[in-house]
There are 2 protein chains.
Amino acid sequence: MRTLEHPEPETLRLETVLAALADPVRLRIVRQLAGGHEDQACIAFELPVTKSTSTHHFRVLRESGVITQHYRGTAILSNLRAQVLNERFPGLLDAVLRADAQA
Amino acid sequence: MRTLEHPEPETLRLETVLAALADPVRLRIVRQLAGGHEDQACIAFELPVTKSTSTHHFRVLRESGVITQHYRGTAILSNLRAQVLNERFPGLLDAVLRADAQA
C-alpha cells in the first residue's frame, strides 16, 4: 500500500511550521482536526477551495510536520500531530488554536 | 517628521503574524528585540542579508503588527509590540521565542 512521507519530530523547523499555519484554510483544517475525532478524511472538511488546492494545503501541513496523512482504501485520513508539536514547540499549537478561535 | 504606519491592535490577523514570524531572519530580529533593550536601530542587528532585504524584513514585521518602527534623526528604531501581541494572541510570542531558543 502507498504510504506518505512524514518528517521525523526532531527535524521539524519552527519557521516551516509557522509558514504552514500562516494560511486561513490551513488554520481551518488544523482547528477542525484539533476539535474533532481522529482520522478525518479530507472530504469531511468542506473547504471553500478546489480539490487540488485542498490537496496542496494538506500536503503543506504534512510536510511541515503539523499533520499525518495515511491511506485507508481510497481515502486519505488526517491527524493532527499534537503531541509532536507540543514536545517540539511547547505552547505553540495551543496559542494558535486559542488565537484562531478569537479572531 | 516622517512617520511610519502601524496597524491598530484589533486589526492584527493571526495568519499575517504567523507569516511574518515564519522566516529565520525575522525570527532573529524578533528574538533580539525580545532579549535586548528597547529602541534598537536596524543597523544594530548585523543581519546576514543586504540592506534592502533587511529593510524588507523590518517592514514585513511592522506591517503585520509584530514591531513598531520610528525615526530618530536618520535612524529607524524598532520595538517589539509584545504587549499588543500578548493581548491579541495570548501565549503565541512566548511559544515562538521559547521554540526558537531550542531550535
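Q: Which residue takes a positive phi in the hairpin of E2(B) and E3(B)?
A: Gly73(B) does, with a phi near 65 degrees, and that hairpin has two residues between the strands. Strands here are DSSP runs of E with at least two residues, helices are runs of H or I with at least four residues, and both are numbered from the N terminus.

Q: Anything to know about the model before going on?
A: This is a predicted model, where local features need pLDDT of at least 70 and side-chain atom pairs count only at pLDDT 80 or more, while totals for chains, interfaces and linings use all residues. Residues are numbered from 1 along each chain as its sequence is written, chains are lettered from A and ligands numbered from 1 in the order in which they are written, and side-chain values use heavy atoms, with hydrogens and water left out.

Q: Ok, back to the hairpin. How many bridges pair E2(B) and E3(B)?
A: Six, in the antiparallel sense, with E2(B) covering residues 67–72. His70(B), for example, stands opposite Leu77(B) in E3(B). Two strands count as paired if DSSP finds at least two bridges between them.

Q: And what joins E1(B) to E3(B)?
A: Two bridges join strand E1 (residues 40–41) to strand E3 (residues 75–80) of chain B, and they run antiparallel. Gln40(B) stands opposite Ser78(B) there.

Q: What order do the strands of chain B take in the sheet?
A: The order is E1-E3-E2, in an open sheet of three strands with antiparallel pairing. E1 and E2 of chain B are the edge strands, each pairing on one side only.

Q: What holds strands of a sheet together, in general?
A: They pair through backbone hydrogen bonds, either parallel or antiparallel.

Q: What about the sheet in chain A?
A: Chain A has an open sheet of three strands, with the order E1-E3-E2 and antiparallel pairing. Six bridges join E2(A) to E3(A), and Tyr71(A) has Ile76(A) as its bridge partner.

Q: New topic. How is chain B laid on chain A?
A: By a turn of 180 degrees and a shift of 0.0 Å along the axis, with an RMSD of 0.0 Å. The two copies are thus related as by a two-fold rotation axis. The superposition is by least squares on C-alpha atoms of residues with pLDDT of at least 70 in both.

Q: How many residues does each chain put into the contact?
A: Chain B gives 20 residues and chain A gives 20 residues, where contact means heavy atoms within 4.5 Å.

Q: How much area do the chains bury between them?
A: About 1,600 Å², 72% of it on carbon and sulfur atoms. Buried area is the accessible area (1.4 Å probe) that two parts lose on being put together, summed over both. Leu14(B), Glu15(B) and Leu18(B) supply 29% of the area that chain B buries against chain A, more than any other three residues.

Q: How many salt bridges are there between chain B and chain A?
A: The count is zero, taking a salt bridge as a side-chain nitrogen of Lys or Arg within 4 Å of a carboxyl oxygen of Asp or Glu.
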